[in-house]
Structures are given as C-alpha cells and as structure tokens.
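Welcome! Below are a few short exercises to help you find your way around, each followed by a worked solution. Take a look at the structure, then start with the warm-up.

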Amino acid sequence: MASEASFDISSIVDLQEVDNAVQQVMKEIQQRFDFKGTACRVTRDEQGLLLYADDTYKLKAVVDLLEAKLVRRKVSLKALVYETPESAAKGTVRQRTTLQQGISADKAKEITRVIRGLGFKVTTQIQGDQIRVSAKSKDDLQAVMQALRAHDFGIDLQFGNYR
C-alpha cells in the first residue's frame, strides 16, 4: 500500500531581508551625490513600504534602487504592489508599496483550477493562505511543480514540505 506524498504551495516574503534591503537603500541615499540634500527616504510599516522623494524623477530613482537591493537579497519583485504616487507635504511625493504575504483566495482557486486542468491524479486543498497538493505518485507531484513554475500567476510561489 503506497502512502500519499504531498507538498505545500505558499507565497511568503522574508521581512528580515526586506528590512536589510531598506537599510541598504537608506545608506546609499545618504552617500550618493544626486540624493544629497533631498527628502528621499524609504520606511517599512505593517502594510508595506513607504517611499518619499522630492519629485517623480527622484521617486523613480528610489524605486529602481530599492528593486536592485531587493533582487540582490533574493526577494521577489512579484511580491511588491505599487500604488499611484501622491503629493505629500512641502511639494514632495509619496508612494505606498504593499508586500503580498500569502496566497489570496482568488489566486488559490486559480492555481487549483490550473492543477486540475493538468490531468494528473492529484488532490488539492486550500488551507488558509497556502495550498496543499497530494498524490500517490511523487512523479505526478514533480510534474505539477514544473507546470506551476512555468505558469505565471503574478505572485511568487514557493514549494515546501515536500514529503
């Protein structure tokens, strides 16, 4: 009698790496000549990141700098959702960036629909903000992982608890 093998699909952002990237961005902003004397800064709160700059050109430079530091620290840029820039006090510009943690219910349904459409003998369960995929054959699970890596869902997927 073969036992069931399974793995979990999740979408988690390592907040410590995000904090480290924010600190690196702030250090570079303080040292770079084109940011001297500006009000450019990046802060992190519970919802995500807040980017401040003097104008939209400097805001774009801060976004580029932040994305470069996040990529270097292996944080997926798919986890960032940028809102529209808004004007702030003293003529500055502010932009909120939210960090997507977990898989939303709509995305989970979309992922399970794609898995069912693959034609493998697997079962899926939505467990809060992650999905458990189980099957009798480990080869089927490997094939599902490969198919999900090839498909773009707009979020960063991690596969864990493979047993």
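## Exercise 1: A pair between two helices

At 22% relative accessibility, Glu 28 counts as partly exposed. Keep in mind that this is a predicted model.

**Task.** Find the classes of Glu 28 and Lys 69 from their accessibility, and say which parts of the chain their salt bridge ties together.

**Solution.**
- Step 1. Recall the cut-offs: buried means under 20% relative accessible area, exposed means over 50%, and partly exposed lies in between.
- Step 2. Glu 28 has 22%, so Glu 28 is partly exposed. Lys 69 has 10%, so Lys 69 is buried.
- Step 3. The two side chains meet in a salt bridge, with 3.0 Å from N to O. Lys 69 sits in helix α2 (residues 56-72) and Glu 28 in helix α1, so the pair ties together parts 41 residues apart in sequence.
- Step 4. Look around the pair: Glu 28, Arg 32, Asp 34 and Lys 69 are linked in a network of salt bridges.

## Exercise 2: A helix and a strand

**Task.** Which residue forms a salt bridge with Arg 44, and what does the pair tie together?

**Solution.**
- Step 1. The partner is Asp 19, and the closest N and O atoms are 2.4 Å apart.
- Step 2. Arg 44 belongs to strand β2 (residues 41-44) and Asp 19 to helix α1 (residues 15-31), so parts 25 residues apart in sequence are tied together.
- Step 3. Arg 44, at 33% relative accessibility, is partly exposed. Asp 19, at 22%, is partly exposed too.

A search of the whole structure finds 11 salt bridges.

## Exercise 3: The sheet and its helices

**Task.** What is the strand order of the open sheet of four strands, and which strands are at its edges?

**Solution.**
- Step 1. The order is β7-β8-β1-β9, with antiparallel pairing.
- Step 2. The edge strands, β7 (123-127) and β9 (158-160), each pair on one side only.
- Step 3. From one strand to the next, the twist averages 25°.
- Step 4. Now add the helices. Helix α3 (residues 105-117) packs on the sheet and touches β1 (5-10), β7 and β8; its direction makes about 175° with that of β7. Helix α4 (residues 138-150) also packs on the sheet, touching β1, β8 and β9, and its direction makes about 20° with that of β1.

Methods. Residues numbered from 1 in each chain as written. Predicted model: local features only at pLDDT ≥ 70, side-chain atom pairs only at ≥ 80, totals over all residues. Heavy atoms only, no water. Pairing = 2+ DSSP bridges. Helix = DSSP H or I, 4+ residues; strand = E, 2+ residues; numbered from the N terminus. Axes fitted to C-alpha atoms, helices over the stretch in contact; angles between N-to-C directions. Contact = heavy atoms within 4.5 Å. Salt bridge = Lys/Arg side-chain N within 4 Å of Asp/Glu carboxyl O. Buried < 20%, exposed > 50% of the residue type's maximum accessible area, 1.4 Å probe, protein only.
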